[in-house]
Structures are given as structure tokens and as C-alpha cells.
Amino acid sequence: MGKGSKLPAIAEFDSVGLRYGTGAEVLRDLDFRLADGGFYFLTGPSGAGKTSLLKLLYLAQRPTRGRIRLFGEELSEAAREELPPFRRRIGVVFQDFRLIRHLSAFDNVALPLRVAGATDEEVEGPVREMLAWVGLADRASARPATLSGGEQQRVAIARAVINRPQLLVADEPTGNVDADMANRLLHLFTALNRLGTTIVVATHDIGLIRATPGAQMIRLENGSVVDPTGLLRNPPPGHR
Amino acid sequence: MMLGWLFASPAERRLLGTSRFRGPTPWVIAIMSFSIMIIAATGLALANTAGALGEAIEARYAVVVPNGAQNLDALAQALKSAPGVTAVEAVTQGEMRRTLQRWLGPAAESADLPVPALVNFDTRHGADLRPIRQRVQAIAPAAQISAHRDRVAPLLRSMRSVQWLAFGLVLLLSGAAAAAVVLAARGALDTHRFTIEVMHGVGATDLQVTHLFQRKIALDALVGSLAGAVAGALVLLLLASGASFAGELMGGASLPPIDLLVLVLLPFTLTILATWVARMAVLAALRGTL
């Protein structure tokens with residue numbers, strides 16, 4: 001969504017740049033806003049800066065210049081003690097799942113609720129329900145190492161959405177799953193989006209983008225949004 | 001609740017995965033606790049012994065008359081009636097010769113051996129020695145009066161030096177234990193870096209992460225320090241039953257209840273120190289992350 005939109009924004013990037021250490025900027029002059037409740041695909045070639053941009057979105061990285069507003073708050077220079085409440089409003093699905101290997105599927109999914117202060121009794125019902133939703137009700141006590149790639153992916157998604165985040169960020173969520181699972185994931189994201197969650201998915205999968213009517217696209221190349229107008233289209237002409 | 005972090009749910013305990021008491025931390029703390037216990041007990045016993053000795057001889061004097069055995073009874077009588085004197089103990093010729101026999105052998109019985117007269121006496125605190133000295137010298141002009149505290153002073157100084165050395169060693173060992181805890185905390189942070197990142201990612205605060213490590217190290221430190229302290233106490237008991245000096249250590253005069261209480265509190269103090277150090281180390285390390 002371009003900067004001129006009147007819809008309330010969940011994220012606003014204003015001249016944002018990012019560099020790691022003393023290296024060259026991996027993200028340059030990012031200016032865009034994401035509407036609350038929108039569905040966005042982040043595309044671009046490998047090394048374009050997609051993962052770095054997602055890290056800025058889920059507050060794992062600070063910009064080296066520019067400003068980022070999330071949930072209406074300026075967070076670029078917020079003290080680190082102020083960030084946890086905002087992180088609890090964001091769900092993240094990592095490309096490598098990032099499940100804690102010594103915890104069961106149940107405990108991995110329950111983690112965001114427990115961090116938010118829920119008791120064991122409060123956790124039990126929602127986590128069982130979520131595991132059933134992703135088709136893993138019978139694998140609740142399994143450790144990640146004993147789950148297939150697709151099952152781990154679903155545990156990671158269940159963990160990302162268990163506390164009904166306002167913003168769901170997914171990095172190549174279909175990179176490790178077959179076409180059928182990719183399709184099911186897309187349905188899951190669409191369903192969440194209908195419930196009001198803003199979705200941002202980084203992907204190379206054009207099929208996924210085409211299968212999501214109404215979604216918008218941000219294309220990154222060499223660390224910049226390539227559309228010179230800053231507008232995000234669905235999908236841009238080059239991908240039709 | 002300030003100590004709420006101590007009571008983790010099973011789910012919280014599972015977050016760090018590895019079982020307790022597996023790493024080296026409890027063992028290192030146990031060794032430190034053992035050493036601290038022995039050194040502290042020795043230091044306290046020395047302090048008490050030095051205190052008791054100093055108190056006992058504070059107002060004790062000796063009258064020595066070279067070759068003056070014939071004046072012994074007269075001297076004792078004069079001292080008993082002197083103002084401020086509370087106790088008099090005349091050392092008989094027989095006792096003097098028996099004492100000398102340890103060094104001189106049978107020669108100590110020789111009539112040619114000049115045996116001095118020795119009378120020990122105690123005075124009230126602050127008593128004036130001048131009238132006492134006048135009475136003594138009226139009977140034996142060559143008599144010399146010396147304070148026991150002057151003779152024992154070098155020994156007391158040595159004992160107090162050792163006592164301070166023990167105190168310093170306790171501090172040093174506590175510092176070493178704290179350093180070991182810092183290393184253990186950093187090692188644990190490295191081991192669980194991934195878990196910490198995931199926890200931060202889902203919105204955990206530094207304090208929530210810190211409590212996990214603080215609890216683990218507190219339990220390791222408690223187990224280690226109690227085990228070390230129990231081992232130290234057993235060694236002290238063995239020494240007490242097998243050696244006379246250790247017997248003194250265990251005597252009521254050497255280790256009064258307050259000192260025993262100090263020794264009992266040592267492992268808990270070490271645990272509190274380790275827990276606090278772990279908390280500071282983890283919080284400092286987390287501040288370096290986002």
C-alpha cells in the first residue's frame with residue numbers, strides 16, 4: 001500500500017535504511033505503509049533484503065536510519081525494555097521454523113501464551129485447539145526432531161498465531177513444504193487475514209501470490225522497493 | 001512477589017531443557033563452600049581463642065625473684081594482702097623443677113641449680129601496680145614484675161593476623177565462586193542462545209529470561225554450597241575427635257552459638273551471592289542483544 005492511503009496503518013516505513021556493522025546498506029530508502037488488515041507478499045531475488053525487511057517488521061533489528069512506526073508507535077529508537085509488548089502482537093513464521101528442540105510441539109505452541117503470563121490451565125484449551133486446527137492434535141507431545149518438515153512448519157505457524165497477533169510475518173513459509181501443504185498454508189493465512197490479522201509473507205512462489213486475490217505485493221531489489229512510485233500492486237505487471 | 005521467580009511451573013522448568021546438577025557449577029560451588037567452611041571455622045576459632053587468651057591474661061602478672069625460692073611464701077602473703085589483687089598463685093619449687101626437667105633432665109633436681117621464685121597474681125581491672133610493687137620489693141628488692149600480656153603479645157598478634165588472613169581467604173573464595181558463577185551464567189546463555197532468541201521473539205522480557213537462569217543457578221548453588229558445607233562440617237568433626245587443637249575448635253569456648261550460626265548461614269549466604277551474581281551477569285549479557 002502506498003504512502004497516500006487513508007486506511008489506518010499497522011506499519012509505516014519512512015526513509016528506512018539498514019546496514020549490518022560497517023558493511024554496505026542492505027536496505028535503502030524504504031518508504032511505504034502497510035494497512036491494518038492487509039495481505040502483503042514481499043518478493044524479490046535472493047539477497048534483495050526480504051529477510052532483513054522482515055526482521056525490521058518483527059522488531060529483531062533496528063534501522064540504521066529512518067523511522068519505523070508499528071501499531072501507531074515510533075519504535076525505531078524505542079528502549080529495548082519497551083519492545084516486548086509490541087512483539088507479543090506480532091506472530092512470526094521463520095523459514096527454518098525455529099522450534100525449540102527440547103520442547104514438545106505443545107510446549108512450543110504454548111510459549112507465546114506462557115510468556116504473556118497465561119497459566120497452565122489457561123494454555124491447555126487454546127493450544128489443543130490450535131494443534132487440532134493445524135492437524136497435529138495427535139502429535140502434541142512429539143519433539144520437533146520427530147516431526148516431518150511439514151509438521152514442524154505447522155507447529156511454527158500454530159505458535160505464530162496462538163495469541164491472535166495483529167501482524168503475522170512469514171519468511172518463505174512454503175520453502176520447505178510440498179504443493180499441497182503450501183496450499184493449506186495459504187488457506188490458513190487467508191482465514192487469519194479474514195479475522196483481521198495483517199499478513200506479510202516473503203516468498204519466491206509466484207503461484208502463491210497468484211492464488212491470493214486481493215493481496216498486494218512489495219518487490220525488493222538490491223535493498224530498495226523497485227516500484228519508483230512506491231505503490232504496491234497486485235501483482236505488478238512483471239509478474240502477470 | 002520478590003521470590004516468585006523461585007517457584008517455576010514445570011513448563012518453565014522445561015524451557016532450559018538440561019537437567020539440574022549436570023554441569024560443573026554445583027561442584028565448583030561445593031568445593032568453594034567446603035573451603036570457606038573450614039577456613040571460616042578456623043578463623044572464628046582463632047579469633048575466640050585469641051580473645052579468651054587476651055582476656056585471661058589482661059590483668060595477670062608474674063613476680064620473678066632470681067634465686068629467691070626462700071621468699072616464696074612471704075611474697076605470696078604480701079601479694080594476697082595488697083590492694084587490688086584478686087588471686088595469687090605461688091609456683092612451688094617442686095613445680096618449677098618439674099617444669100625445668102623437661103629441658104634439663106635430671107640436672108633440674110640439682111641443688112646447685114638456681115631456681116627463681118615465681119608468683120602469678122591477678123588484679124582488678126585498672127588496679128594501681130605501684131603499691132603492689134613496693135610491697136614485693138620490700139621483701140625481695142631484686143624482684144621483677146612483668147605483665148603476661150607483654151609476653152604473649154607476639155603470639156596474639158600472630159593469631160590475629162591468621163584470623164584476618166582467614167577472613168581474607170573467605171572473601172577471596174567467595175569472589176572466586178562469584179567468578180565461577182559468571183562463567184557458568186555466560187556458558188548457559190551461550191548454550192541456550194537459540195531458546196533466548198525465540199523467547200525474545202515471542203515477547204519475553206529480559207527479566208523473564210533472567211529468572212530462568214537465575215533459578216537454575218540458585219538451585220545449583222544451594223545444592224553445591226550445602227553439600228560443601230556438610231562435607232566441611234564432617235571434616236571439622238573428624239578433626240575435633242582426632243586432634244587436640246580441633247577439639248578446642250569444637251569446644252564451647254572456641255565456637256559459641258553465634259559462631260555456629262555464622263557457619264550455618266555461610267552456605268545460604270554463598271547461594272544468595274551466586275544468585276545475585278548470576279542475575280547481574282545474565283541481565284548484562286542480555287542488554288547486548290535486541
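**Exercise 1. In this predicted model, determine the handedness with which α6(B) passes α10(B), and describe how the two helices pack.**

Solution.
Step 1. Fix the handedness. The crossing of α6(B) past α10(B) is right-handed.

Step 2. Choose the descriptors. A packed helix pair is described by the angle between the axes and the distance between them.

Step 3. Read them off. Helix α6 of chain B covers residues 148-191, and helix α10 of chain B covers residues 257-287. Their axes come within 9 Å and cross at roughly 40°.

Step 4. Classify the angle. The crossing at roughly 40° makes α6(B) oblique to α10(B). An angle under 35 degrees would have counted as roughly parallel.

Step 5. List the contacts. α6(B) contributes B:S174, B:A177, B:A178, B:V181, B:V182, B:A185, B:R186 and B:L189. Facing them in α10(B) are B:L270, B:L273, B:A274, B:V277, B:A278, B:A281, B:V282 and B:A285.

Step 6. Sort by character. The contact has 14 nonpolar residues, one polar and one charged.

**Exercise 2. Compare the radius of gyration of chain B with that of a compact globule of 290 residues, then set out the domains of the chain.**

Solution.
Step 1. Take the reference. A compact globule of 290 residues would have a radius of gyration near 19 Å.

Step 2. Take the chain. Chain B has 31 Å, against that reference.

Step 3. Check the box. Along the principal axes, the C-alpha atoms of chain B fill roughly 95 × 40 × 25 Å.

Step 4. Add the domains. Domain 1 of chain B is assigned to 9-54 + 153-287, and domain 2 to 67-141. Their centres are 53 Å apart, taken over C-alpha atoms.

Step 5. Trace the elements. Chain B has 10 helices and four strands. From the N terminus, the order is α-α-β-α-β-α-β-α-β-α-α-α-α-α.

**Exercise 3. Test chain A against the compact globule rule.**

Solution.
Step 1. Compare the radii. For 240 residues the rule gives a radius of gyration near 18 Å; chain A has 18 Å, so the two agree.

Step 2. Look at the extents. The C-alpha trace of chain A spans about 50 × 40 × 35 Å along its principal axes.

Step 3. Count the elements. Chain A contains seven helices and 10 strands.

**Exercise 4. State how many residues each chain gives to the contact, and which element gives the largest share on the side of chain A.**

Solution.
Step 1. Count both sides. Chain A gives 21 residues and chain B gives 14 residues.

Step 2. Find the elements. On chain A, α2 (84-87) and α3 (105-115) each give two or more residues.

Step 3. Rank them. α3(A) supplies the largest share, six residues.

Step 4. Sort by character. The side of chain A that touches chain B has 11 nonpolar, two polar and eight charged residues.

Methods
Residues are numbered from 1 along each chain as its sequence is written. Chains are lettered from A and ligands numbered from 1 in the order in which they are written. This is a predicted model: local features need pLDDT of at least 70, side-chain atom pairs count only at pLDDT 80 or more; totals for chains, interfaces and linings use all residues. Domain bounds come from an automatic or database domain assignment. Two residues are in contact if their C-beta atoms, placed from the backbone, lie within 7 Å. Ala, Val, Leu, Ile, Met, Phe, Trp, Tyr, Cys and Pro count as nonpolar, Asp, Glu, Lys and Arg as charged, and the others, Gly among them, as polar. Axes are lines fitted to C-alpha atoms, for helices over the stretch in contact, and angles run from 0 to 180 degrees between N-to-C directions. Angles under 35 degrees count as roughly parallel, over 145 as roughly antiparallel, 65 to 115 as roughly perpendicular and the rest as oblique. A crossing is left-handed if the near helix is turned anticlockwise from the far one by less than a right angle, and right-handed if clockwise. The radius of gyration is taken over C-alpha atoms; the globule rule is 2.2 Å times the number of residues to the power 0.38.
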